[in-house]
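Colleague: I am new to this structure and should be grateful for a close look at one part, the packing of a pair of helices. Please set it beside the annotated positions and the ligand surroundings.

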Amino acid sequence: MPFALCCMSHSPLLDLNQPSPDLQAEVTDALKRARTFVDEFAPELVVTFTPDHYNGFFYRLMPPFCIGAAARTVGDYGTAAGPLDVPRDIAAGCAEAALAAEVDVSVSYDMELDHATAQPLQILFGTLDACPVVPIFINAAAPPLGPVTRARRLGEAVGRFLAGRPERILLIGSGGLSHDPPVPALGTAPAPLAERLVSGRELTADEERRKVTGAIAEAAALAARSSSRIDLCPDWDRAFLGIVGSGGLDTIDGWSNEDIARHGSGAQEIRTWVAAYSALAATGPYEITDRYYHPIPEYIAGFAVTTALPATRSTGS
Ligand SMILES: O=C(O)CCC(=O)/C=C/C=C(\O)C(=O)O
Ligand SMILES: [Fe+2]
């Protein structure tokens with residue numbers, strides 16, 4: 001049951017926009033260090049806590065949490081499309097553990113997921129199917145959202161279950177931190193798009209083009225400080241990283257959804273980090289082994305990468 005954790009921001013613009021060469025080099029280096037960390041750990045199982053952005057989950061049935069017993073990624077924003085190698089029995093065990101802990105998860109045997117799931121797997125492993133993966137969807141984009149403490153309780157329940165498994169397990173949290181990307185909302189989207197947020201129909205080629213050019217334009221406006229959307233919030237991001245680094249995850253229980261939303265609609269994705277770190281914390285004390293952070297408007301992201309391991313116990317004298 002050895003554990004390791006890697007939490008990272010994702011961005012659909014990672015391969016589409018260029019921040020300054022120095023900043024790009026920093027990000028490349030941080031992601032390379034994360035990959036080396038994972039290589040050295042050599043996981044036999046990945047459990048990924050991941051959101052979606054109306055690419056796999058829609059309002060025809062929008063669960064707060066869903067555990068995939070069979071899943072694939074859809075290949076949005078140029079990320080890989082294809083099946084994940086999901087061990088059904090372990091996915092079912094995670095779901096049973098969550099339900100026993102009174103966290104009402106759904107299960108899916110036909111889960112579709114987007115860049116939020118594919119990007120970290122591609123960055124850390126090169127491919128989607130290098131390692132068995134249990135995907136755990138946490139709704140962060142589609143209101144109503146439950147309190148953030150539910151993500152902590154989900155993570156704890158999954159962590160306690162995984163502690164009884166024999167595999168080397170990598171926990172991934174994908175998302176955050178502060179950011180306000182132009183993801184459509186049911187209440188404000190024009191009628192054909194609002195209908196799609198319910199039905200999940202394919203985007204037309206024109207809608208797809210406008211989605212990508214719109215995100216690129218929004219990033220440019222954010223970098224030029226001419227965007228009307230919520231700005232990145234480095235102080236809040238650093239405070240959040242401090243909390244997960246100190247292990248005081250229950251501090252976040254006091255954050256209301258409105259508090260979190262003040263740092264952008266995408267800031268709700270911190271739920272994935274809270275769940276992943278809570279899963280690790282449920283197995284014992286942990287320590288951060290690497291941490292990178294930079295606010296990057298070109299990616300519309302308070303961009304962070306952290307890795308962590310169970311704390312090495314002092315043997316005393
Ligand atoms: O239908 C759409 O427009 C979806 C757009 C989308 O997928 C945007 C994603 C943004 C992030 O992943 C993010 O900034 O966290
Ligand atoms: Fe996202």
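Modeller: A definition comes first: axes are lines fitted to C-alpha atoms, for helices over the stretch in contact, and angles run from 0 to 180 degrees between N-to-C directions. Two packed helices are described by the angle between their axes and the distance between the axes. The model discussed here is predicted.

In these terms, helix 4 (residues 149–162) packs with helix 9 (residues 270–281) at an angle of about 35°, and their axes are 7 Å apart. The crossing of helix 4 past helix 9 is right-handed. On the side of helix 4, the contact is made by Ala151, Arg152, Leu154, Gly155, Glu156, Val158, Gly159 and Leu162. Helix 9 meets them with Arg271, Val274, Ala275, Ala276, Tyr277, Ser278, Ala279, Leu280 and Ala281. By class, the residues of this contact comprise 11 nonpolar, 3 polar and 3 charged.

A further position to consider is Thr48, which belongs to strand 2 (residues 45–50). Its C-alpha atom is separated by 8.5 Å from that of Thr272, although the two residues are 224 residues apart along the chain. Thr48 counts as buried because 26 other C-beta atoms lie within 10 Å, where the cut-off for burial is 20 or more. Leaving aside neighbours within four places in sequence, the contacts of Thr48 are Thr117, Pro120, Val133, Pro135, Ile136, Ile172 and Ser174.

The annotated positions come next. The unreviewed UniProt entry places the feature "active site" at His115 and His179. His115 lies in helix 3 (residues 115–125), whereas His179 is found in the loop between strand 9 (169–174) and helix 5 (191–199). His115 has 25 C-beta neighbours inside 10 Å and therefore counts as buried. His179 has 29 such neighbours and is therefore also classed as buried. Beyond four places in sequence, His115 is in contact with His10, Pro12, Asp76, Tyr77 and Thr79. With the corresponding exclusion, His179 touches Leu232, Gly264, Gly266, Ala267, Ile300, Ala301 and Gly302.

Two of these contact residues recur at the ligand: Pro12, a contact of His115, and Gly266, a contact of His179, are among the closest residues to ligand 1. The other closest residues are His53, Pro181 and Lys211, and 16 residues surround ligand 1. This shell consists of 7 nonpolar, 7 polar and 2 charged residues.

Notes:
Residues are numbered from 1 along each chain as its sequence is written. Chains are lettered from A and ligands numbered from 1 in the order in which they are written. This is a predicted model: local features need pLDDT of at least 70, side-chain atom pairs count only at pLDDT 80 or more; totals for chains, interfaces and linings use all residues. UniProt positions are given in the numbering used here, feature names are shortened, and annotations may be inferred rather than shown by experiment. Helices (H or I, at least four residues) and strands (E, at least two) are DSSP runs, numbered from the N terminus. A residue is buried if 20 or more other C-beta atoms lie within 10 Å of its own, exposed if 12 or fewer, and partly exposed in between; C-beta atoms are placed from the backbone. Two residues are in contact if their C-beta atoms, placed from the backbone, lie within 7 Å. A residue is near a molecule or strand if its C-beta atom, placed from the backbone, lies within 6 Å of it. Ala, Val, Leu, Ile, Met, Phe, Trp, Tyr, Cys and Pro count as nonpolar, Asp, Glu, Lys and Arg as charged, and the others, Gly among them, as polar. A crossing is left-handed if the near helix is turned anticlockwise from the far one by less than a right angle, and right-handed if clockwise.
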